[in-house]
Structures are given as structure tokens and as C-alpha cells.
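Reader: Hello! I would like a close look at how helices pack in this model, with the cut-offs spelled out along the way. Could you take me through one helix pair slowly and then place it in the rest of the chain?

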Amino acid sequence: MKRLKILRRWFARKLGFARLMCLALLVLFAGARLWDPPPIQELRLRTFDMFQLLDPRHKTARPVTIVDIDDKSLAKLGQWPWPRTRIADLIQNLTSHGAVAIGFDVVFSEADRLNPDLVASQMRYLDDATRAKLRELPSNDQILSEAIKRSRVVLGETGQRAISTEVDKSLPFTGVATVGEEGAERFLFEFPGLLRNVPEIEKVAAGRGLFSIKTERDGLIRRVPMIMRAQGMVMPSLSLEILRVVTGTPTLLVRTDKTGVRAVRLKGVEIPTDRNGQLWVHYARQDPSIYVSAADVLDNTVAPNKIAGKLVLVGTSAVGLNDIKTTPVSSTMPGVEIHAQVLESVLSGAVISQPNYALGVELLAALVIGLLVIIFTPNLGPVRLVLAGATFAAILIGVSWFFYAQHRYLIDFTYPLLSTTAIYLTLIFASFVREQRQRVQIRGMFAQYMSPVLVEQLAQSPEKLVLGGEEREMTIMFSDVRGFTTISETYKHDPQGLIALMNRFLTPLTDVIIDQKGYIDKYMGDAIMAFWNAPLDDAEHEVNACEAAIQMLEKIDAVNKDREQEAIDGGHVYIPLNVGIGLNTGIGVVGNMGSDLKKNYSVLGDSVNLASRLEGQSKEYGFPIIVGSRTALAAKDQFAILELDFIMVKGKTEPEVIYAIAGRADVMLSGAFQRLRNVTIEMLACYRSRDWQGALDAIERGRRSEDADTLEKLFKLYEVRIKEFQVNPPPEDWTGAYALLTK
């Protein structure tokens with residue numbers, strides 16, 4: 001038991017639960033096909049019906065004529081059954097017109113009720129002389145038997161559900177021999193009883209066969225038994241017996257194997273059957289041209305070419321005689337025409353069959369396609385998944401249609417299609433469940449760190465999320481509250497108040513980042529790390545990050561105003577919150593990082609380190625927002641950008657120009673900002689060209705400008721550097737870059 005569990009887990013890990021379930025489905029459907037319950041049978045039969053409707057048998061010749069006991073004949077000659085003398089006249093006229101053989105789709109099971117001796121016994125008021133004269137006349141059955149002797153007639157018989165009388169062994173029977181496996185009779189349809197013609201005409205007929213037809217479960221006639229058992233005897237069908245008589249075959253041969261009957265053989269003709277000895281009828285459209293009225297034959301008004309050289313079937317299309325059947329190509333086909341369709345199919349060689357290897361082909365197709373679907377479907381996207389399903393369905397239908405159209409073989413595509421569809425739907429359902437679980441996981445992972453809109457986009461397109469790690473160009477932000485240690489000391493006896501304060505300013509800052517399409521990487525005490533352009537693409541990630549930074553300062557100002565008023569109202573000391581922000585754009589490696597116990601979607605790289613360093617320098621340069629060169633270049637047309645320095649960060653080989661963001665476009669276009677920027681540009685140009693005095697003069701002019709206090713920290717920083725360089729000049733290869741000494 002333990003080994004079984006281990007084996008099951010190993011398979012589940014290697015294949016996945018969905019694939020294991022599909023393999024089980026494959027086996028289950030194979031078992032169902034071998035069992036072949038009625039629903040599967042009917043689905044298969046409906047498919048074959050569709051094939052016949054799309055491509056019925058096309059008549060190239062009309063070897064059969066039906067003499068129809070139709071409504072016209074009944075109206076003219078009276079109700080059925082007619083006197084046997086009239087049937088004798090019918091046979092005589094058909095024979096004289098050149099009929100090759102005549103088959104009756106009716107049975108003459110009782111003596112004619114109009115036989116002269118019966119009339120003599122039943123009619124009143126006859127004198128003795130007349131009665132004696134009637135009894136001397138030949139019977140109608142005798143007259144019919146004489147007509148049958150002079151022609152080639154095959155009489156029809158019918159199987160019955162109950163045994164009525166014992167079989168008359170003196171009456172002739174058609175010889176049937178079996179070639180192959182013995183005991184194939186058990187596969188044949190069996191009727192306990194048999195209704196035969198009166199012995200007088202039965203003995204003289206050229207042949208005799210059963211016209212019994214077995215309907216399918218849905219009432220349609222698709223197959224006609226060629227050979228059956230009736231009251232313990234193996235007998236041919238009416239159409240098969242007509243063919244035997246015409247071909248001069250003394251004994252019918254039935255080919256069998258372990259699965260049942262395979263075919264029935266005549267002289268020069270082999271008719272394929274199913275295991276029960278039934279022929280799949282290859283139907284043509286109903287053909288009124290093969291019908292002639294029995295009344296016209298009796299009147300000798302029928303066209304000679306309708307009879308000469310034809311196999312003639314005598315039957316009825318009259319609704320009142322209840323011999324109307326339903327077939328795949330017609331809902332109202334007379335039973336006699338079904339026998340005609342069988343004869344036409346065999347004589348023209350247009351026979352359809354379901355070969356014995358059909359089951360093997362169907363099982364193999366289901367196995368191969370099912371395994372292909374199991375192997376490849378889970379790795380396909382939605383569009384390819386639908387295309388793959390349509391392709392497999394088209395292959396199955398196409399192969400089945402090819403066998404039917406080219407070889408007239410009935411190969412069922414519904415079973416492999418049903419099996420493959422079940423596997424396909426199972427995999428789709430498993431994929432749907434997996435995606436739903438993935439979406440829930442994504443929502444849980446990112447809901448607190450991204451905007452709901454972006455989270456939903458990511459949940460609907462999880463393929464955009466590469467948790468395993470990828471390189472992307474990103475904009476990274478670090479923000480930190482200046483002097484928070486001093487502030488926290490005022491809450492040393494009120495830890496709940498400190499937590500409330502942190503939540504008070506972290507919440508609006510977080511909301512701003514999320515609203516601007518950023519992702520919160522982590523909180524580090526009072527600091528926030530965030531980034532843009534991951535996990536979803538953001539074409540304007542630099543601009544969105546800069547806008548977020550400005551809004552964060554605005555949110556902090558609003559919080560400070562509220563806190564200042566609260567301090568005044570509460571009579572305690574007010575210490576403002578000041579935030580420093582560093583932004584940098586560059587290549588980073590982003591993905592799910594951490595341990596087996598806990599992972600976090602985060603980013604690593606030099607661009608991250610530089611963003612952290614820039615945040616730390618905001619207090620040195622006197623600007624709350626400091627950005628790298630790539631961020632500044634992307635945002636220069638929408639924000640007031642001011643160049644600050646050319647710095648060398650520890651760990652990097654190339655220096656970086658850094659900038660401050662002083663405001664949005666309205667600040668950028670203001671005269672005061674333009675003057676300050678010009679002064680800064682002049683100061684930096686003099687500084688980098690070692691014109692120390694020119695740089696100091698630019699600083700002095702800047703201090704006299706409007707809003708000069710904004711640049712005071714920057715001016716003091718450069719004054720200190722310049723005075724140091726005046727005493728200790730930089731080396732000859734100095735490029736103007738300044739190595740940061742602090743983080």
C-alpha cells in the first residue's frame with residue numbers, strides 16, 4: 001500500500017494530476033468502446049447516417065423493378081389479399097415481358113379463400129350440380145403453382161416471435177454451409193417461429209427467403225440481415241435468395257471467424273456483413289422510376305423495358321398495408337424498396353461495410369490522439385489550444401470520411417472524438433482551475449503592493465508575470481523620513497502612537513505609488529522601496545515615478561499641516577516629517593526571491609543601489625527628490641529638472657550625473673526657476689573647468705536671485721569643495737566627478 005502511494009505521488013509529480021486523470025479517462029473510454037453500450041452505438045449510427053445523407057449511393061443502372069400493390073391497384077382491383085388467380089396472371093405477364101426473376105415481399109400462408117371448393121362449401125342456395133362442378137375445378141393455389149412452375153419465382157417468408165406449428169421437413173430449404181469457425185449461428189438473429197407459404201406453391205418455387213427486417217433501437221433500418229435463424233433453421237433473406245437463384249448458386253457459403261459472421265458468398269460474389277450477418281445498406285435516394293403499378297402489369301399497359309431483363313419485386317407502398325419504413329435517407333420508404341436497395345447495391349458493387357479491423361483502428365486512433373493531446377495540450381496557450389482541438393477533430397472526421405468516400409468503409413470517428421474531447425475538456429478545465437488558482441495567488445501576492453487595476457490585468461494575463469526572474473529596464477524609488485529617530489523618541493512611552501503615526505504617513509505615500517502604477521517592493525521601518533515597469537510593462541515608468549515622488553511630498557505636507565494643528569490644539573511639541581526620495585532608471589533583475597519558507601517579488605542590481613544612494617544624498621544637496629541621468633532625460637519635458645553634480649558611487653566604475661526635481665511643468669516654465677537653473681549651469685561649468693573664482697561669483701549672483709534659499713545647501717556644498725581645491729588642487733586627470741563618501 002505504501003509503495004502504491006509512493007508510485008502514485010511519483011507519477012503525479014512527473015505527469016501532473018490532470019494528465020494522470022486524462023490517462024485514466026483514456027483507459028475508461030477504451031473499456032466503454034469494448035463494452036459498446038447503446039448510447040455509444042447510437043452515436044456511431046447517427047454518424048453513419050450523416051455520411052449516407054451527404055453522399056448516398058449514386059445509381060448507374062436500374063436492375064430492379066418494383067411491382068407495386070399501390071392505392072391505385074387496390075382501388076381498381078379490390079382489397080388485399082387478391083385471388084391467387086390474379087397473382088398467377090401477374091406472374092404470367094411479368095414472365096412474358098422478360099422478367100429475370102420474381103420475388104414476393106408478401107407471404108401466402110393460407111389457402112386462397114376464393115378456391116372453388118371453399119366457395120362451393122360456403123355459398124348458400126347453390127344447386128348440387130353447381131356445387132359438384134365447382135369442386136371439380138382446379139384450386140386457385142394450384143393455378144398459382146402452375147404459373148410459378150413456368151417462371152423463376154422466389155417466395156417470401158417471415159420469422160415470428162412464437163412457434164406456431166412444427167417445421168414441415170418435406171418442404172424444400174436452401175442449403176447453407178459455413179466456412180471458418182464453427183458455431184457462428186449463435187451470432188445470427190433468431191426467430192422462434194417461421195411463417196411459410198402454403199405447401200402447394202412452396203414446393204414449386206425456385207427459392208424462398210425471409211423478408212423480415214430488424215429495426216435499430218431508434219426505429220431506423222440501416223442494416224438488413226442476409227442470413228438468419230428461424231425455427232432452428234439457417235435461412236437466407238429474400239434479396240440474398242433472389243441473387244442465389246439468379247447466379248445459379250446451389251449452396252450459400254457463410255464465412256465466419258471468432259468474432260462472428262464476416263461475409264456471405266455466392267457464385268462470383270462475396271457480400272460483406274457485420275458479425276450478426278447483416279448487410280449495411282448503401283442507400284440511394286428514393287427512386288419513383290423503379291415502381292410500376294400492379295394494375296398496369298395486369299392490364300399489360302406497362303412499358304416493356306420496365307420488366308425485360310429486370311429482377312422484379314412484388315410488394316406494396318399502400319399506407320393501409322403498413323409496410324412503410326424509416327431509413328437514413330427517407331422517413332417513408334416502402335419495405336419492398338429496401339430489398340430493392342440491397343439488390344442494387346450488391347449488383348452494382350456499391351456495398352458499404354464495417355471491416356473487422358474497424359474497432360482496432362478506432363481504439364488506436366483514440367490512443368494516439370489522446371496521448372498527443374495529453375502530452376502537448378497543457379503546454380499550449382488558449383489560441384493554440386483551440387486550434388489543436390479543431391485540428392484533431394478535423395483529422396478524425398477527415399480520416400473517417402476518407403474511408404467512407406473512397407473505400408465505402410464505415411470507420412467510426414465519434415468514439416475517438418468523444419474520448420479526445422473528454423480529455424481535451426478535462427485538460428482545459430484543469431488549466432482553468434490552475435489559472436484561477438494562479439489568479440488568486442497573484443491577487444494575494446500583489447493586491448497590497450499594486451493598484452487594483454494593475455493587479456486585475458496581471459490576474460487576467462498571468463503569462464506576463466515571470467516569477468523565475470528576468471532582466472527589465474525599471475525605475476526604482478527609495479524614500480525615507482528625515483530625522484525619524486528623533487520623532488520616534490517622543491513616542492517611547494506610546495508605541496501604539498508611533499505605529500499610528502507610521503501608518504498615517506505610509507498609507508498616503510503608498511496610495512500615491514500604487515495610483516501611479518508603481519509596485520511596493522518592501523517597507524523598511526519608515527522607508528519605502530518601490531519600482532515601476534514590473535511585473536507589468538509601463539512605457540512611461542520614469543514619468544510616473546517622478547509624478548509619484550512629487551505627490552508624495554504633497555501628501556507629507558498635508559500630513560504635517562494636520563499634525564501641526566493637532567500639536568497646537570494638544571499643547572505638545574510639533575516636529576515636521578521631511579521625506580527624501582531617490583529615483584534611478586536602469587536594468588534590474590526582478591522576480592520571486594527569498595527562501596523556501598517565504599519569497600518576495602523584488603529587484604536587484606546596480607540601478608537599485610544607485611537609487612538608494614541618491615535617496616541618502618537628498619539631505620546633502622538640499623533637494624527632497626534626486627534622480628539619476630536616465631530618469632531625468634525621460635522626464636525633462638514634463639518636470640523642472642536641475643543638474644546637481646557629477647558623482648562617483650562606490651562600486652561603480654563610471655560616474656553619474658545626478659539631478660533634482662524641483663516641480664512640475666509650471667515650475668519649469670517660471671522665470672525664477674529659469675534664472676536659478678542658468679546660475680547653476682554657469683557654476684557647474686566654471687567648477688568643472690577649474691575656474692574656482694568664476695564658480696564662486698556665480699554662487700554669489702545666485703544668492704541674490706529670487707528663491708535663492710532653495711539652492712543654499714547646494715551653494716554651501718560647492719563652496720566647501722572649491723575652498724578645498726584652492727588649497728589642494730585636484731589631479732590633472734580630474735573630470736569634475738566627486739566621489740561620494742557617504743551612503
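Author: Happily; here is a walk through one helix pair, followed by a second pair and a few local details.

The model is predicted, so a word on the rules: local features need pLDDT of at least 70, side-chain atom pairs count only at pLDDT 80 or more, and totals for chains, interfaces and linings use all residues. Residues are numbered from 1 along each chain as its sequence is written, and side-chain values use heavy atoms, with hydrogens and water left out.

The chain has 25 helices and 27 strands; these are DSSP runs, numbered from the N terminus, with helices (H or I) of at least four residues and strands (E) of at least two. Of its 743 residues, 50% are buried, where buried means under 20% relative accessible area, exposed means over 50%, and partly exposed lies in between (1.4 Å probe, protein chains only). Contacts are counted when heavy atoms lie within 4.5 Å. Among those between residues at least 6 apart in sequence, 74% join residues at least 24 apart.

Now for the pair itself. Helix H23 (residues 671-688) and helix H25 (residues 712-727) have axes that come within 12 Å and cross at roughly 15°. The axes are lines fitted to C-alpha atoms, for helices over the stretch in contact, and angles run from 0 to 180 degrees between N-to-C directions. That angle makes H23 roughly parallel to H25; the classes are roughly parallel under 35 degrees, roughly antiparallel over 145, roughly perpendicular from 65 to 115, and oblique for the rest. The crossing of H23 and H25 is left-handed, meaning that the near helix is turned anticlockwise from the far one by less than a right angle, while clockwise would be right-handed.

From H23, the contact draws on Val679, Thr680, Met683, Leu684 and Tyr687, and from H25 on Leu714, Phe715, Tyr718, Arg721, Ile722 and Phe725. By class, the residues of this contact of H23 with H25 are nine nonpolar, one polar and one charged. Here Ala, Val, Leu, Ile, Met, Phe, Trp, Tyr, Cys and Pro are nonpolar, Asp, Glu, Lys and Arg are charged, and the others, Gly among them, are polar.

A second pair sets this in context. Helix H10 (residues 238-247) packs on helix H12 (residues 335-348) at about 45°, with the axes 9 Å apart, and H10 and H12 are therefore oblique to each other. H10 passes H12 in a right-handed crossing. Ser239, Ile242 and Leu243 of H10 meet His339, Val342, Leu343, Val346 and Leu347 of H12, a contact with six nonpolar, two polar and no charged residues.

Some loops deserve a glance too. Pro81 sits between helix H4 (71-77) and helix H5 (84-96), and the peptide bond from Trp80 to Pro81 is cis, with omega near 5°. Gln231 is not a glycine but has a positive phi of about 50°; its place is the loop between strand S9 (227-230) and strand S10 (233-236), and Gln231 is buried because its relative accessible area is 16%. Asn533, also not a glycine, has a positive phi of about 75°, and lies in the loop between strand S21 (527-532) and helix H19 (541-570). At 11% relative accessibility, Asn533 counts as buried.
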